[in-house]
Amino acid sequence: MGAAHGQEHREEGMVVIQANLDDMNPEFTSYITELLLGAGANDVYWVPIIMKKGRPGVMLNVLAAEAAIPEMEEIIFRETTTLGLRYMQTTCHRLGREFEQVETKYGLLSVKVGYYKGKAVQFAPEFRECEEAARRHGVPLKDVYDEVRGRYWQQQKGQQ
């Protein structure tokens, strides 16, 4: 861990693309999410909503750079049942991020650390690594996750 941690930054030229869907198989959402993220979306999330005539539906939200709009549109129109999209301009402020390694009883695992003004303010075990360790050791995922968080916390206290 160096003196200068991951740099915070603001991303201009971002857009939130939204679509309301009430007639699509909900099993498709994970597939569509993967496609959008693979095509460069910064974030994809789905919100349950109640639409006109009281029908349950979902709202698709995609955060992407303006330059990615054509590719996002193509995926959304091709893979969902929407007939239209909404766009909202936005700016994102991102914390600086670094990955640190923590030695645990399940092996060496990564922690994503978020820095604000050079100080660690957020941290989270790398989820996929925790999943793999839980499967490999035949233990509950929450046990691995808690172990990583505890070891990281101990490591930070030892550096103060």
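In what follows, Ala, Val, Leu, Ile, Met, Phe, Trp, Tyr, Cys and Pro count as nonpolar, Asp, Glu, Lys and Arg as charged, and the others, Gly among them, as polar. The model is predicted, so to speak plainly of its limits: local features need pLDDT of at least 70, side-chain atom pairs count only at pLDDT 80 or more, and totals for chains, interfaces and linings use all residues. Residues are numbered from 1 along each chain as its sequence is written, and side-chain values use heavy atoms, with hydrogens and water left out.

**A pocket**
- The second largest pocket (an open set of points on a 1 Å grid over the protein atoms alone where a 1.4 Å probe fits, with protein on both sides within 12 Å along at least five of seven lines) is lined by Asn42, Asp43, Leu63, Arg94, Arg97 and Lys112; lining residues have an atom within 4 Å of a point.
- By class, that lining has four charged residues, one polar and one nonpolar.

**Helix α3**
- In α3 (residues 127-137), Cys130, Glu131, Ala133 and Ala134 are buried, meaning under 20% relative accessible area with a 1.4 Å probe, protein chains only.
- These buried residues line one face of α3, because they fall within an arc of 165° seen down its axis, taken from the directions from the helix axis to the C-beta atoms.
- Arg128, Arg135 and Arg136, on the other side of α3, are exposed (over 50%).
- Just after α3, Gly138 has a positive phi of about 65°.

Helices here are DSSP runs (H or I, at least four residues), numbered from the N terminus.

How values were computed: Helices (H or I, at least four residues) and strands (E, at least two) are DSSP runs, numbered from the N terminus.
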